[in-house]
Amino acid sequence: MKKLLPFLIMFLIIFYGLPLFIKISFLSLGVLPVAVLLISMFYGIFNGFSLLLSFICAVLFIPSLFITSVASGILGIVYVVVFFITSLLGNLLGLMFRKKR
């Protein structure tokens, strides 16, 4: 769990800190999956694969739906699934670049 902590803090910053500086719009919601992909990829490179990372990423995004109220209802569920899959893919990509020890 200690390995996850820095990456979870990064997810919290992009889900809750970034909207303080950038006006929430569908454009900014398009940038968030790219950030999730990169963070998950770095996790995979440094720590290997973790399905837990993807689940936590998706769960951490859910409260931000109520705060921003841009993506609510079905669209909110779609974004949660998109963040889960994006995190999963990033983690797998990072695993491919991970050097064997």
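Among contacts in the protein chain between residues at least 6 apart in sequence, what percentage join residues at least 24 apart? In this predicted model, the figure comes to 82%. The paragraphs below look at who touches whom, starting with the overall layout.

The protein chain has 4 helices and 0 strands, so reading from the N terminus on simply gives α-α-α-α. Of its 101 residues, 39% are buried. The surface that the chain exposes adds up to about 6300 Å², and 80% of that is supplied by carbon and sulfur atoms.

Helix α4 offers a handy check on helix geometry. It takes in residues 74-97, which is 24 residues, and at 1.5 Å a residue it should span 34 Å. Its end C-alpha atoms turn out to be 35 Å apart, which agrees. The buried residues of α4 are Gly 76, Tyr 79, Val 80, Phe 83, Thr 86, Ser 87, Gly 90, Asn 91 and Gly 94. Some of these names come back later on.

Next comes the inside of the protein. The largest nonpolar core has 21 residues, and Phe 11, Ile 14, Phe 15, Phe 61 and Phe 83 are those with the most contacts inside it. Each of α1 (5-21), α2 (26-47), α3 and α4 puts in at least two residues. The largest share belongs to α3, with 7 residues. Take Ile 14 as a sample member: setting aside residues up to four places away in sequence, Ile 14 touches Pro 19, Leu 32, Ala 35, Val 36 and Ile 39.

Aromatic rings get a paragraph of their own. The count comes to 9 aromatic pairs. One of them joins Phe 15 and Phe 61, with the ring centres 5.2 Å apart and 65° between the planes, an edge-to-face arrangement. Phe 15 sits in helix α1 and Phe 61 in helix α3, so this pair ties together parts that are 46 residues apart in sequence. Phe 15 counts as buried because its relative accessibility is 2%, under the 20% cut-off. Phe 61 is also at 2% relative accessibility and counts as buried. Phe 61 has a second partner as well: its ring centre is 6.4 Å from that of Tyr 79, and the planes stand at 50°, so this pair is tilted. Here the link runs from helix α3, home of Phe 61, to helix α4, home of Tyr 79, across 18 residues. Like Phe 61, Tyr 79 is buried. Put together, Phe 11, Phe 15, Phe 61, Tyr 79 and Phe 83 make up one aromatic cluster.

Helix α3 holds two more residues that deserve a look. One is Cys 57, which is buried with a relative accessible area of 0%. Beyond its neighbours within four places in sequence, Cys 57 is in contact with Phe 11, Phe 15, Val 36, Phe 83 and Ser 87. The C-alpha atoms of Cys 57 and Ile 85 are separated by 10.0 Å, although these residues are 28 residues apart along the chain. The other is Ser 64, found in α3 (residues 51-68) and buried with a relative accessible area of 2%. What does the side chain of Ser 64 reach? The partner is the backbone oxygen of Phe 61, at 2.6 Å.

Over in helix α2 there is another serine, Ser 40. Ser 40 is buried too, with a relative accessible area of 0%. Its contacts, leaving aside neighbours within four places in sequence, are Phe 11, Leu 53, Ser 87, Gly 90 and Asn 91. Ser 87, Gly 90 and Asn 91 are among the buried residues of α4.

Finally, there is Leu 4, which lies in the segment before α1. Is Leu 4 buried or exposed? Leu 4 is buried, with a relative accessible area of 4%. Not counting residues up to four places away in sequence, Leu 4 touches Tyr 43, Ser 50, Leu 52, Leu 53 and Ile 56. Its C-alpha atom is separated by 8.8 Å from that of Asn 47, a residue 43 residues apart from Leu 4 along the chain.

Key: Residues numbered from 1 in each chain as written. Predicted model: local features only at pLDDT ≥ 70, side-chain atom pairs only at ≥ 80, totals over all residues. Heavy atoms only, no water. Expected span 1.5 Å × (residues − 1). Buried < 20%, exposed > 50% of the residue type's maximum accessible area, 1.4 Å probe, protein only. Polar contact = N/O pair within 3.5 Å; in protein donor to acceptor, adjacent residues only side chain to side chain. Core = buried A, V, L, I, M, F, W, Y, C linked by side-chain atoms within 4.5 Å. Contact = heavy atoms within 4.5 Å. Areas by Shrake-Rupley, 256 points an atom, 1.4 Å probe, with all protein chains shown as cover. Phe/Tyr/Trp six-rings, centres within 6.5 Å; stacked < 30°, edge-to-face > 60°.
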